[in-house]
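Q: I would like a close look at one part of this model. Please take me through the largest pocket.

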Amino acid sequence: MRNIKLIIEYDGKDFNGWQKQPNKLNIQGTIEQAIKSITGEDVQLNASGRTDAGVHALGQVANFKTNSNIPIEKMAIAINSRLKKSIVIKSAEEVDDRFHSRLSCKRKTYRYVINNSYQGTAIYRNLECHIPIKLDVEKMKEAAKYFEGEHDFKAFKASGTSSKSSVRKIYKAEVYIDLQKIFIELTGNGFLYNMVRIIAGTLVDVGMGKIKPKEIPNIIKSQKRENAGKTLPAHGLYLVEVNYDD
């Protein structure tokens, strides 16, 4: 039995998230069907984490067990030949039997993309969040640093979160701008349901002047969802990278 690790890129626009659901188009089920069509096996594809409907990935990681003897250098090509164009297997490698894409994960990086131009865009409308009000990026950068470190992020989780603990560690929180696009990038040991989108919404409120950067620590300490910003739309969010090194 071989353990195969995949790195996957996908446009989440047309999918109801990663997780397999009956009668709903999902990424996990779509890839599992593609694998079955080339191996003849029903496989269980384990992801580093579930992404919600509309969320994209540049480097989602998943693994599955197989008895197939397809050469590893041809595995990604074979799976891609049976996939929709909105999903691409970027690489495939054979890994240790103990590797599990979720349980072995050490840290993840998410990116939220904001188009801060007045008109927005037609072409990229499903790949970024349009906010026409001019945002103060310097204040957003200042505020982002308060999220770094280990905190109880209860104020930044959506209802329905199944996690027992809301304590997470953010290794790096950055805001940067390229032309009229603002990027919010967070690297952490784990994220609560909608946590990145709520932090992004809070930073947008900072950029609008509704929240001062120095108020962020008190919002974190309050553990009250109503004190944080709104949840920004899913289509601006990307899972960028999953890291397995200590």
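A: The pocket comes before a helix that helps to line it.

First, some ground rules. This is a predicted model, in which local features need pLDDT of at least 70, side-chain atom pairs count only at pLDDT 80 or more, and totals for chains, interfaces and linings use all residues. Residues are numbered from 1 along each chain as its sequence is written, and side-chain values use heavy atoms, leaving out hydrogens and water.

Now the space itself. Rolling a probe the size of a water molecule over the atoms shows where empty space is left. The largest pocket holds about 1,100 Å³. A pocket is an open set of points on a 1 Å grid over the protein atoms alone, where a 1.4 Å probe fits, with protein on both sides within 12 Å along at least five of seven lines. Its volume is the space filled by probe spheres set on those points, which are joined across faces, edges and corners.

Next, the lining. It has 36 residues, each with an atom within 4 Å of a point. Gly49, Arg50, Thr51, Lys108 and Phe191 lie nearest the centre. By class, twelve are nonpolar (Ala, Val, Leu, Ile, Met, Phe, Trp, Tyr, Cys, Pro), six charged (Asp, Glu, Lys, Arg) and 18 polar (the others, Gly among them).

Strand S2 (46-47), strand S5 (107-115) and H4 each supply at least two lining residues. Strands (E, at least two residues) and helices (H or I, at least four) are DSSP runs, numbered from the N terminus. H4 gives the largest share, three residues.

H4 (residues 195-208) also packs against H3 (residues 137-144). Their axes are 8 Å apart, at an angle of about 135°. Axes are lines fitted to C-alpha atoms over the stretch in contact, and angles run from 0 to 180 degrees between N-to-C directions. H3 and H4 are therefore oblique to each other, which means not under 35 degrees, not over 145 and not 65 to 115.

Lys139, Met140, Ala143 and Ala144 of H3 meet Leu203, Val204, Val206 and Gly207 of H4, with heavy atoms within 4.5 Å. Six of these residues are nonpolar, one is polar and one is charged.
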